[in-house]
Amino acid sequence: MPKLKTRKAAAKRFRSTGSGKIVRRRAFKNHLLQHKSSTRKRRLSQMAAVCERDEENVVLMLPYL
């Protein structure tokens with residue numbers, strides 16, 4: 001069986017937790033931050049779990065995660 005290739009773009013965006021879940025960064029934290037509240041920006045800084053519907057696609061992109 002040949003080695004499987006990892007999608008490098010996906011490898012930069014997703015990580016695995018100790019329990020096996022896949023986590024991602026939240027959107028809307030790049031620019032135009034002056035009108036967003038501190039609470040909102042702090043919440044956007046936290047990692048979020050990937051939805052279970054999308055998780056199987058991420059696993060296919062990252063075979064060695």
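These exercises work through a predicted model of one chain, each with a stepwise solution.

**Exercise 1. The fold in outline**

Task: State how many helices and strands the chain has, and in what order they run.

Solution:
- Step 1. Count the elements. The chain has three helices and three strands.
- Step 2. Order them from the N terminus. The run is α-β-β-α-β-α.
- Step 3. Place some of them on the sequence. Helix 1 covers residues 8–13, and strand 1 covers residues 14–16. Strand 2 spans 22–24, and helix 2 spans 38–45. Helix 3 spans 52–61.

**Exercise 2. Compact or spread out?**

Task: Decide whether the chain is a compact globule or more spread out than one.

Solution:
- Step 1. Recall the makeup: three helices and three strands.
- Step 2. Compare the radius of gyration with the globule rule. The chain has 15 Å, and the rule gives 11 Å for 65 residues, so the chain is more spread out than a compact globule.
- Step 3. Look at the box. Along the principal axes, the C-alpha atoms fill roughly 55 × 25 × 20 Å.
- Step 4. Check burial. Of the 65 residues, 15% count as buried.
- Step 5. Check the surface. About 5,800 Å² is exposed, and carbon and sulfur atoms supply 52% of it.
- Step 6. Check contact range. Take contacts between residues at least 6 apart in sequence: 58% of them join residues at least 24 apart.

**Exercise 3. The nonpolar core**

Task: List the residues of the largest nonpolar core, then trace contacts among them.

Solution:
- Step 1. List the members. There are six: Ala10, Phe14, Ile22, Val50, Val58 and Leu62.
- Step 2. Start at Phe14, in strand 1. Phe14 has 17% relative accessibility; the cut-off for buried is under 20%, so Phe14 counts as buried.
- Step 3. Read its contacts beyond four places in sequence. Phe14 touches Ile22, Val23, Arg24, Val50, Val58 and Leu62.
- Step 4. Move to Val58. With the same sequence filter, Val58 touches Phe14, Ile22 and Val50.
- Step 5. Finish with Ala10, in helix 1. Its relative accessibility is 5%, so Ala10 counts as buried. Beyond four places in sequence, Ala10 touches Met61 and Leu62.
- Step 6. Set sequence against space. Ala10 and Leu62 lie 52 residues apart in sequence, yet their C-alpha atoms are 7.1 Å apart. As a contrast, take Phe14 and Arg40. They are 26 residues apart along the chain, and their C-alpha atoms are separated by 22 Å.

**Exercise 4. A patch on the surface**

Task: Identify which residues form a nonpolar patch with Tyr64, and find what Tyr64 touches.

Solution:
- Step 1. Name the patch. Met1, Leu4 and Tyr64 form it, with about 460 Å² of accessible area together.
- Step 2. Locate Tyr64. The residue sits in the segment after helix 3.
- Step 3. Classify it. The relative accessible area of Tyr64 is 56%; exposed means over 50%, so Tyr64 is exposed.
- Step 4. Read the contacts. Leaving aside neighbours within four places, Tyr64 is in contact with Lys3, Leu4 and Thr6.
- Step 5. Add a distance. Tyr64 and Thr6 are 58 residues apart in sequence and 7.6 Å apart in space, C-alpha to C-alpha.

**Exercise 5. Positive phi in a loop**

Task: Examine Phe28, Leu32 and Leu33 in the loop between strand 2 and helix 2. What are the phi values of Phe28 and Leu32?

Solution:
- Step 1. Take Phe28. Its phi is near 70°, a positive value in a residue other than glycine.
- Step 2. Take Leu32. Its phi is positive too, about 55°, and Leu32 is not a glycine.
- Step 3. Classify Phe28. With a relative accessible area of 62%, Phe28 is exposed.
- Step 4. Classify Leu32. At 49%, Leu32 falls under the 50% cut-off, so Leu32 is partly exposed.
- Step 5. Classify Leu33. At 24% relative accessibility, Leu33 counts as partly exposed.
- Step 6. Follow the contacts of Leu33. Setting aside residues up to four places away, Leu33 touches Phe28 and Lys41. Phe28 belongs to this loop.

Conventions: Residues are numbered from 1 along each chain as its sequence is written. This is a predicted model: local features need pLDDT of at least 70, side-chain atom pairs count only at pLDDT 80 or more; totals for chains, interfaces and linings use all residues. Side-chain values use heavy atoms; hydrogens and water are left out. Patches are made of residues with over 30% relative accessible area and no salt bridge: like charges are joined within 9 Å, nonpolar side chains (Val, Leu, Ile, Met, Phe, Trp, Tyr) within 5 Å. Accessible areas come from the Shrake-Rupley method with a 1.4 Å probe; for residues, only the protein chains shown count as cover. A salt bridge is a side-chain nitrogen of Lys or Arg within 4 Å of a carboxyl oxygen of Asp or Glu. Helices (H or I, at least four residues) and strands (E, at least two) are DSSP runs, numbered from the N terminus. Buried means under 20% relative accessible area, exposed over 50%, partly exposed in between (1.4 Å probe, protein chains only). Contact means heavy atoms within 4.5 Å. A nonpolar core is a set of buried Ala, Val, Leu, Ile, Met, Phe, Trp, Tyr and Cys residues joined through side-chain atoms within 4.5 Å. The radius of gyration is taken over C-alpha atoms; the globule rule is 2.2 Å times the number of residues to the power 0.38.
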